[in-house]
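Here are my comments on the model you sent, set out as numbered points. Please read them with the structure open beside the text.

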Amino acid sequence: MDKEITTSEEMAEIFLRNQNSLFALALSYTGSRLTAEEIVGDTIVAVLEAEKCFSCEAACYGYMKAIVRNQAVSRLRRRYRIEPAAVSYTHLRAHETRGNL
(Lines give C-alpha, C1' and ligand atoms only; values in the text may rest on other atoms or scores of the structure.)
Protein backbone atom coordinates (compact mmCIF):
# COMPACT_ATOMS: atom_id res chain seq x y z
CA MET A 1 0.00 0.00 0.00
CA ASP A 2 1.24 3.46 -0.86
CA LYS A 3 2.23 5.90 1.84
CA GLU A 4 0.01 8.93 2.47
CA ILE A 5 1.48 12.17 1.10
CA THR A 6 1.19 14.91 3.72
CA THR A 7 4.23 17.19 3.60
CA SER A 8 5.32 19.80 1.09
CA GLU A 9 8.68 18.01 0.84
CA GLU A 10 6.98 14.81 -0.29
CA MET A 11 4.88 16.73 -2.82
CA ALA A 12 7.98 18.51 -4.14
CA GLU A 13 9.72 15.14 -4.58
CA ILE A 14 6.76 13.80 -6.56
CA PHE A 15 6.74 16.96 -8.66
CA LEU A 16 10.45 16.65 -9.43
CA ARG A 17 10.05 12.99 -10.44
CA ASN A 18 7.19 13.89 -12.78
CA GLN A 19 8.27 17.33 -13.98
CA ASN A 20 9.14 16.16 -17.50
CA SER A 21 5.81 14.43 -18.06
CA LEU A 22 3.93 17.46 -16.70
CA PHE A 23 5.89 19.66 -19.09
CA ALA A 24 5.10 17.33 -22.00
CA LEU A 25 1.41 17.45 -21.12
CA ALA A 26 1.42 21.26 -20.95
CA LEU A 27 3.34 21.46 -24.23
CA SER A 28 0.85 19.13 -25.94
CA TYR A 29 -1.92 21.58 -25.09
CA THR A 30 -0.18 24.87 -25.74
CA GLY A 31 2.40 24.13 -28.43
CA SER A 32 4.65 26.68 -26.73
CA ARG A 33 7.67 25.71 -24.66
CA LEU A 34 7.58 29.02 -22.78
CA THR A 35 3.91 28.71 -21.90
CA ALA A 36 4.38 25.07 -20.91
CA GLU A 37 7.24 26.04 -18.59
CA GLU A 38 5.06 28.74 -17.00
CA ILE A 39 2.24 26.26 -16.47
CA VAL A 40 4.54 23.72 -14.85
CA GLY A 41 5.97 26.40 -12.56
CA ASP A 42 2.48 27.55 -11.62
CA THR A 43 1.53 23.94 -10.93
CA ILE A 44 4.07 23.34 -8.18
CA VAL A 45 3.14 26.65 -6.57
CA ALA A 46 -0.55 25.70 -6.63
CA VAL A 47 0.14 22.24 -5.19
CA LEU A 48 2.22 23.60 -2.32
CA GLU A 49 -0.22 26.43 -1.57
CA ALA A 50 -3.20 24.06 -1.51
CA GLU A 51 -1.80 22.24 1.55
CA LYS A 52 -3.71 19.09 0.66
CA CYS A 53 -3.06 15.56 1.81
CA PHE A 54 -3.13 12.71 -0.69
CA SER A 55 -3.79 9.05 -0.10
CA CYS A 56 -0.89 8.03 -2.33
CA GLU A 57 1.64 9.29 -4.85
CA ALA A 58 -0.68 8.53 -7.77
CA ALA A 59 -3.38 10.78 -6.29
CA CYS A 60 -0.89 13.62 -5.85
CA TYR A 61 0.38 13.22 -9.42
CA GLY A 62 -3.20 13.09 -10.72
CA TYR A 63 -3.90 16.36 -8.92
CA MET A 64 -0.83 17.90 -10.59
CA LYS A 65 -1.98 16.71 -14.02
CA ALA A 66 -5.42 18.23 -13.42
CA ILE A 67 -3.83 21.58 -12.55
CA VAL A 68 -1.72 21.46 -15.72
CA ARG A 69 -4.77 20.62 -17.84
CA ASN A 70 -6.93 23.32 -16.26
CA GLN A 71 -4.22 25.97 -16.59
CA ALA A 72 -3.62 25.06 -20.23
CA VAL A 73 -7.32 25.18 -21.09
CA SER A 74 -7.67 28.53 -19.29
CA ARG A 75 -4.77 29.98 -21.26
CA LEU A 76 -6.19 28.67 -24.53
CA ARG A 77 -9.53 30.26 -23.73
CA ARG A 78 -7.86 33.58 -22.99
CA ARG A 79 -5.68 33.39 -26.09
CA TYR A 80 -8.56 32.69 -28.43
CA ARG A 81 -11.24 34.38 -26.33
CA ILE A 82 -13.36 31.29 -26.55
CA GLU A 83 -16.44 30.88 -24.45
CA PRO A 84 -16.08 28.04 -21.91
CA ALA A 85 -18.75 25.91 -23.62
CA ALA A 86 -17.00 26.31 -27.00
CA VAL A 87 -13.82 24.62 -25.74
CA SER A 88 -15.95 21.52 -25.21
CA TYR A 89 -14.19 18.28 -24.61
CA THR A 90 -13.03 17.68 -28.18
CA HIS A 91 -9.51 18.83 -27.37
CA LEU A 92 -9.47 16.87 -24.13
CA ARG A 93 -10.75 13.73 -25.84
CA ALA A 94 -7.97 13.95 -28.41
CA HIS A 95 -5.45 13.88 -25.56
CA GLU A 96 -7.23 11.03 -23.80
CA THR A 97 -7.22 8.85 -26.90
CA ARG A 98 -3.48 9.44 -27.29
CA GLY A 99 -3.00 8.49 -23.63
CA ASN A 100 -1.88 11.95 -22.49
CA LEU A 101 -4.37 12.26 -19.66
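**Arginine 75 and its surroundings**

1. Arginine 75 is buried, with a relative accessible area of 17%, a value to be read with the reminder that this is a predicted model. The residue lies in helix 3, which covers residues 57-80, and, once neighbours within four places in sequence are set aside, arginine 75 is in contact with Thr35, Glu38, Ile39 and Asp42.

2. On the overall architecture, the chain contains five helices and zero strands, so that the order of elements, taken from the N terminus, can be written α-α-α-α-α. Of the 101 residues in the chain, 34% are buried. Where contacts in the chain join residues at least 6 apart in sequence, 66% of them link residues at least 24 apart.

3. Helix 3 itself deserves a closer reading, as it holds the arginine discussed above. The helix has 24 residues and spans 35 Å from its first C-alpha to its last, which is close to the 34 Å expected at 1.5 Å a residue. Its buried residues are Cys60, Met64, Lys65, Ala66, Ile67, Val68, Ala72, Val73, Arg75 and Leu76, a list in which Lys65 appears as well as Arg75. Arginine 81, which follows helix 3, has a positive phi, near 50 degrees.

4. Which angle and axis distance describe the packing of helix 1 and helix 3? Helix 1 (residues 8-30) packs with helix 3 at an angle of about 30 degrees, their axes being 9 Å apart, and the crossing of the two is right-handed. Helix 1 contributes residues including Met11, Ile14, Phe15, Leu22, Leu25 and Tyr29 to this contact, while those from helix 3 include Cys60, Met64, Lys65, Val68, Ala72 and Leu76. Sorted by class, the contact has 13 nonpolar, three polar and five charged residues.

5. Helix 2 can be described in similar terms: it has 18 residues and reaches 26 Å between its first and last C-alpha atoms, close to the 26 Å expected at 1.5 Å a residue. Thr35, Ala36, Ile39, Val40, Thr43, Ile44 and Val47 are buried in helix 2, and the buried residues of this helix pack against helix 1 and helix 3. Two of these residues, Thr35 and Ile39, are also among the contacts of arginine 75. Directly after helix 2, glutamate 51 adopts a positive phi of about 50 degrees.

6. Is glutamate 37 buried or partly exposed? Glutamate 37, which belongs to helix 2 (residues 33-50), is partly exposed, with a relative accessible area of 45%. The C-alpha atoms of glutamate 37 and leucine 27 are 8.2 Å from each other, although the two residues are 10 places apart along the chain.

7. A last point concerns the cysteines, where the count of disulfides comes to zero. Cysteine 56 is in no disulfide, and the nearest cysteine sulfur, that of cysteine 60, is 9.0 Å away, whereas a disulfide would need the two sulfur atoms within 2.5 Å. Cysteine 60 is likewise in no disulfide, its nearest cysteine sulfur being that of cysteine 56, at 9.0 Å. Cysteine 56 is buried at a relative accessible area of 16%, and cysteine 60 also counts as buried, at 0% relative accessibility.

How values were computed. Residues numbered from 1 in each chain as written. Predicted model: local features only at pLDDT ≥ 70, side-chain atom pairs only at ≥ 80, totals over all residues. Heavy atoms only, no water. Buried < 20%, exposed > 50% of the residue type's maximum accessible area, 1.4 Å probe, protein only. Helix = DSSP H or I, 4+ residues; strand = E, 2+ residues; numbered from the N terminus. Contact = heavy atoms within 4.5 Å. Expected span 1.5 Å × (residues − 1). Axes fitted to C-alpha atoms, helices over the stretch in contact; angles between N-to-C directions. Left-handed = near helix turned anticlockwise from the far one by under 90°. Nonpolar A, V, L, I, M, F, W, Y, C, P; charged D, E, K, R; others polar.
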